[in-house]
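Biologist: I would like a close look at one part of this protein, namely its sheets and the helices that lie across them. Could you take me through how the strands are ordered and paired, and then how the helices are placed?

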Amino acid sequence: MREKVHTDAVLGDVLLRKAPRSRRISLRVHPVKGVIVSMPPYVPYAVGVAFLESRREWALAALRRASAVDAELPEGESVETLRARAKAELPARLQAFADRYGFHYNRLTIKHNTSNWGSCSTKGNINLNLNLMRVPEPLQDYVMLHELAHLRHPDHGPGFHAELERLLADHFSRHLEEDAFRAYLQPIGASRAKYRITSVLEKALRSYRPL
Ligand SMILES: [Zn+2]
């Protein structure tokens, strides 16, 4: 069986798989492996990509359903307990990253937001979502480093991604012995994306949803 990873602008990494016995192109969403396009061996990968793009909305909805298991407040938590924990933990961690990597931000605000995990304004103000307290530590770190990188690169262009990848590589190398970080090493090693660490962490973060 031959396969190829295609990075879709919206869905992230998608597996294109040529299966000897498949007679037609099909699309499915696996809870762990993500989106998979199966196709007969003689069909060019480009045709599989076009098929994927024609059904992107469906795949996106299916991905969201597959991740719905995480879209719940943990037992004993409320928005207010998450907010209190976020306020107690995140400011010192963001400041430590800023000090280590030479960033200066204006103000940090902890927000309850359903549409993003964090943001960075042109005035250098950073917002972090209290829902970050529901995701694993490496993904929290990813969001904080992402917003800090925006202080130097306001867009998501190649300069931004190169900077973020450099920050993440340094940060991950300091935590290689910790299980929470090791859980991501295998997919990073297998990723064929240009910015491997970023792409694996972004994909992992998509399996969570702010409430
Ligand atoms: Zn961004």
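Modeller: What follows goes through one sheet and then the other, together with the helices that belong to each. Please keep in mind throughout that this is a predicted model, so that every value below is computed from predicted coordinates.

A few words on the whole will help to place the parts. The protein has 8 helices and 7 strands, and its C-alpha trace spans about 55 × 40 × 35 Å along the principal axes. Its radius of gyration is 19 Å, which agrees with the value near 17 Å that a compact globule of 211 residues would have.

Let me begin with the sheet of 4 strands, which is open, has mixed pairing and follows the order β1-β2-β4-β3. Because β1 (2-8) and β3 stand at the edges, each with a single partner strand, one side of each is left without a neighbour in the sheet. Averaged over this sheet, and with direction ignored, neighbouring strands are turned by 25° against each other.

Going across this sheet from one edge, β1 and β2 pair in the antiparallel sense over 7 bridges, and these two strands form a hairpin with 3 residues between them. Within that pair, K4 stands opposite L16 in β2. On its other side, strand β2 (residues 12-18) pairs with strand β4 (residues 34-39), this time in the parallel sense and over 4 bridges. L16 appears again here, since its bridge partner in β4 is V37, and R17 stands opposite S38 in β4. At the other edge, strand β3 (residues 26-30) runs antiparallel to β4 and is joined to β4 by 5 bridges. S38 also appears in this pair, as the bridge partner in β4 of S26. If you follow the residues along these strands, it is useful to remember that in a regular strand the side chains alternate between the two faces of the sheet.

Two helices lie across this sheet. Helix α1 (residues 45-54) lies across β1, β2, β3 and β4, and runs at about 130° to β4. Helix α8 (residues 196-205) lies across β1, β2 and β4, with an angle of about 95° to β2.

The other sheet has 3 strands in the order β5-β7-β6, and it too is open, with mixed pairing. Its edges are taken by β5 (107-111) and β6 (118-120), each of which has a single partner strand, so one side of each is left without a neighbour in the sheet. Here the average turn between neighbouring strands, direction ignored, is 15°. β6 pairs with strand β7 (residues 125-129) in the antiparallel sense over 3 bridges, and C120 stands opposite I126 in β7.

Again there are helices to place against the strands. Helix α3 (residues 79-101) lies across β5 and β7 and runs at about 155° to β5, whereas helix α4 (residues 137-152) lies across β6 and β7 and runs at about 15° to β6.

These two helices also meet one another, for the axes of α3 and α4 come within 10 Å and cross at roughly 50°. An angle of that kind falls outside the parallel, antiparallel and perpendicular ranges, and α3 and α4 are therefore oblique to each other. Their crossing is right-handed. On the α3 side the contact is made by R93, L94, F97, A98 and Y101, which meet M144, L145 and L148 in α4. By class, this contact has 7 nonpolar residues, no polar residues and 1 charged residue.

From α4 the packing continues to helix α5 (residues 158-173), where the axes are 9 Å apart and the angle is about 140°. That angle makes α4 oblique to α5, and the crossing of α4 and α5 is right-handed. The residues of α4 that take part are D141, Y142, L145, H146, A149 and R152, and they meet F160, E163, L164, L167, L168 and H171 in α5. The contact of α4 with α5 divides into 7 nonpolar, 2 polar and 3 charged residues. L145 of α4 is thus worth finding in the structure, as L145 is listed in the contact with α3 and also in the contact with α5.

Terms used: Residues are numbered from 1 along each chain as its sequence is written. This is a predicted model: local features need pLDDT of at least 70, side-chain atom pairs count only at pLDDT 80 or more; totals for chains, interfaces and linings use all residues. Two strands pair if DSSP finds at least two bridges between them. Axes are lines fitted to C-alpha atoms, for helices over the stretch in contact, and angles run from 0 to 180 degrees between N-to-C directions. Two residues are in contact if their C-beta atoms, placed from the backbone, lie within 7 Å. Angles under 35 degrees count as roughly parallel, over 145 as roughly antiparallel, 65 to 115 as roughly perpendicular and the rest as oblique. A crossing is left-handed if the near helix is turned anticlockwise from the far one by less than a right angle, and right-handed if clockwise. Ala, Val, Leu, Ile, Met, Phe, Trp, Tyr, Cys and Pro count as nonpolar, Asp, Glu, Lys and Arg as charged, and the others, Gly among them, as polar. The radius of gyration is taken over C-alpha atoms; the globule rule is 2.2 Å times the number of residues to the power 0.38.
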